[in-house]
Every structure is written in structure tokens, then in C-alpha cells.
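User: Could you take a close look at one part of this protein for me? I am in my first year, so please walk me through one hairpin and what lies around it.

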Amino acid sequence: MFVKTYFLGIVVILCVATALLTGSTVFQKTPPPATSSTDFDRKTFGEYWFKGKAEISTYTLQQAHYGALNPGEAVLVFVTEDFRTDTQVKLDKEENRHKSTPVLKLNAIHRFVTGIYDYSIYTSVFTPIDPALFPQTLKVSTTSQDWCGHTFTQLNYQNNGYNVTGRSYFEDNATEDYTTEKALLEDELWTRLRLTPNRLPIGSINIIPSTKAARLRHQKIAPMAAIASMEPYKGNGFLGKSMKVYKITYAEGRILQIVFEENFPHRITGWEDTYPSRGKLLTTRAIHKKTLLSAYWTQNTPENRPLRDTLQLQ
């Protein structure tokens, strides 16, 4: 009578006991071994990028603008840092570490002279190192200064798209706040090439042109159709070891080519950007000069000024 009355309860107890004895509960199962979600060797990567130094590379620059090639220089500063994913700013407080993720940050500076006056365009890109956790670049911000005035553009990845903020001295885009759909960012090509170039897409893609290109060509930030390719570099305009070129051909006709070294740390040896300017088809070209690993934020006294000569900075 007892068994009949409590049959269901007895069965449940026996099943739980069996599961516990055989180690079959979800809490008892041994977790699978951790696997890397990146395509690089973490030890090699850490020995280069997590040593408390930034990689600073300088380039001679010929910038297409106003129908001419204008002389200048470019500087690419790559460094790893912890980045808050909620507020999308650099982590400064240890109690907020659980809200952060490591990123490869790029500060790209382009300075060039047009006639009597000059331009300075500064772009920051924040790309998470682990694409499994954060597959999208989280933030891009760009400021541009010339003698006419200055502009500011920022993209923040939120809700499966990019929130675009723009402020400018130009009347047509003086105040901009809108959202554009998620797509590969041209601005993040530089950080992706340094992380895992073999993960970059090939074939037909949608890509958001760089904030610099949008600024110089007065274009709205939005995805565009393009064809992407990667192949060995066969030219002689750039110097490096075992180089490859990643090429973006936009449907509108603009062609961007970034030349880099195939082997880690995938140094960028230069780039070309071809598009019409005032009726002329011109090619912006940047050629590598020098690279220095440096904790530059500690080298801010007059005694450190000779390091600029090492980098051949103007």
C-alpha cells in the first residue's frame, strides 16, 4: 500500500540518486577544455602586445584632396588596453574590471598641407581582442581640424547597430544623431589585420567607409557595397617581408589597398586609396618609415624629444 501511494516520489528519488552516483547532473559534469576563440598564439601575442608598450609606426603621406596630391605624414599607434563595454571608455577603476574587455586600440593621425593651410585628422578605433565574446568593433571616433574649423564623428556599437554622432562647422551636417545598420567598418580593417588577417571577409561585402573618407568626401556614414580580396603583394612600392595586400573595391569606384606582412605581428607597410578629386583620379599613398615600441606616455620631457628623430617625425 505504501509503495503504491508514494510510487511517483520513490521513482524521482531513485532517479536523482542514480544521477548523483554516476556524476550525470549538469553541476557534476566536467566542463569542456577551454579553447581559444582567436587564430593567433596567445603566448606570442602576449609577448608582443602585453608588455606595457605601444607600437608606433610613421609613414610618408601623399594625400589626395582638392584635386591634388598633398604632402604630409601619418602615424599609427597600436596599443592594448582594457575597455569598458557598457560606457565604451578606457577602464580606469579596478572595481569596474568585470565590465571591461581587452581591446587593440589604434590611434591613427594623418597630417597634410593643402596650399597655405593644413589638416590634422585623428581617428581612434577600439576592437576587442576576443571576437567570440565581442565580434564587432565597439567604438570609433574621429576629429578633423583645418583652418576653416573642426568636426567630430563617433560610432558606438549598440543594439546590433552603430549609433552615429556628428558635430561640424558645415551647415549641412552641423548636428547629426542617427543609427546605421551593422556592417564591417573600414576603420577596423587596420586592427583586424593586426589581430587575425585571415578572418577578414573575401568577396561581396557591405562595409562602412572610414570616418576620414566620409569627412574628406562629405559622405554620410552608412554601409556600401564592395568587393574584398586578399592576395600576395607583387609590387615594389612597399618594403617588407612576405607581404600581402587586402583590397576593397567599392561599387562607387573607390579602391583601398592595405599592404601588410603575412607573419605576426602583421606590420602594415603602407596603403593606397584611389578615388576622384575635383575631376581627377588620384591615389593617396602612405609608405612606412620607422617603427618603435615605446611606453610613449612616460616619455613626455624635453629629454625624450630625440625619439621623434628616431621615428623621422616632421
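**The hairpin and its surroundings**

Analyst: Let's begin at the turn: β12 and β13 form a hairpin with four residues between the strands, and there G253 takes a positive phi near 115 degrees. Please keep in mind that this is a predicted model.

Now follow the two strands away from the turn. β12 covers residues 243–250 and β13 covers residues 255–261; they run antiparallel and are joined by seven bridges. One pair to find on your screen is I248, which stands opposite L256 in β13.

β12 has a partner in β11 too. β11 (residues 224–232) pairs with β12 in the antiparallel sense, over seven bridges. Here you can look for A226, which stands opposite Y250 in β12.

Let's stay with I248 for a moment. Leaving out residues up to four places away in sequence, I248 touches L189, I205, I207, A226, I227, A228, R254, I255 and L256. Two names in that list should be familiar: A226 and L256 are both touched by I248, and L256 is the residue that I248 stands opposite in β13.

What does I248 belong to? I248 is among the residues with the most contacts inside the largest nonpolar core, together with L76, L189, I268 and W271. That core has 52 residues. In soluble globular proteins, nonpolar side chains tend to be buried together. Apart from the largest core lies another one, of eight residues, including I56, V75, L311 and L313.

Packing can leave empty spaces, so to speak, and it is fun to look for them next. The count comes to two cavities of 30 Å³ or more. The largest cavity holds about 230 Å³ of space. Of the 20 residues that line the largest cavity, H110, E186, W190, S210 and K212 are the closest to its centre. The elements giving two or more residues to this lining are β3 (100–114), β4 (117–128), α5 (211–217) and β14 (268–277). By type, the lining of the largest cavity divides into 10 nonpolar, five polar and five charged residues.

The second largest cavity has about 30 Å³ of space. Its lining is made by V140, L155, L185, E186, D187, I208, P209, T211 and I221, which divide into six nonpolar, one polar and two charged. Did you spot E186? E186 lines the second largest cavity, and E186 is also one of the residues closest to the centre of the largest cavity.

Note on methods:
Residues are numbered from 1 along each chain as its sequence is written. This is a predicted model: local features need pLDDT of at least 70, side-chain atom pairs count only at pLDDT 80 or more; totals for chains, interfaces and linings use all residues. Side-chain values use heavy atoms; hydrogens and water are left out. On a 1 Å grid over the protein atoms alone, a cavity is a set of points where a 1.4 Å probe fits but cannot get out, and a pocket is an open set with protein on both sides within 12 Å along at least five of seven lines; lining residues have an atom within 4 Å of a point. Grid points are joined across faces, edges and corners, and a volume is the space filled by probe spheres set on the points. Ala, Val, Leu, Ile, Met, Phe, Trp, Tyr, Cys and Pro count as nonpolar, Asp, Glu, Lys and Arg as charged, and the others, Gly among them, as polar. A nonpolar core is a set of buried Ala, Val, Leu, Ile, Met, Phe, Trp, Tyr and Cys residues joined through side-chain atoms within 4.5 Å. Buried means under 20% relative accessible area, exposed over 50%, partly exposed in between (1.4 Å probe, protein chains only). Contact means heavy atoms within 4.5 Å. Two strands pair if DSSP finds at least two bridges between them.
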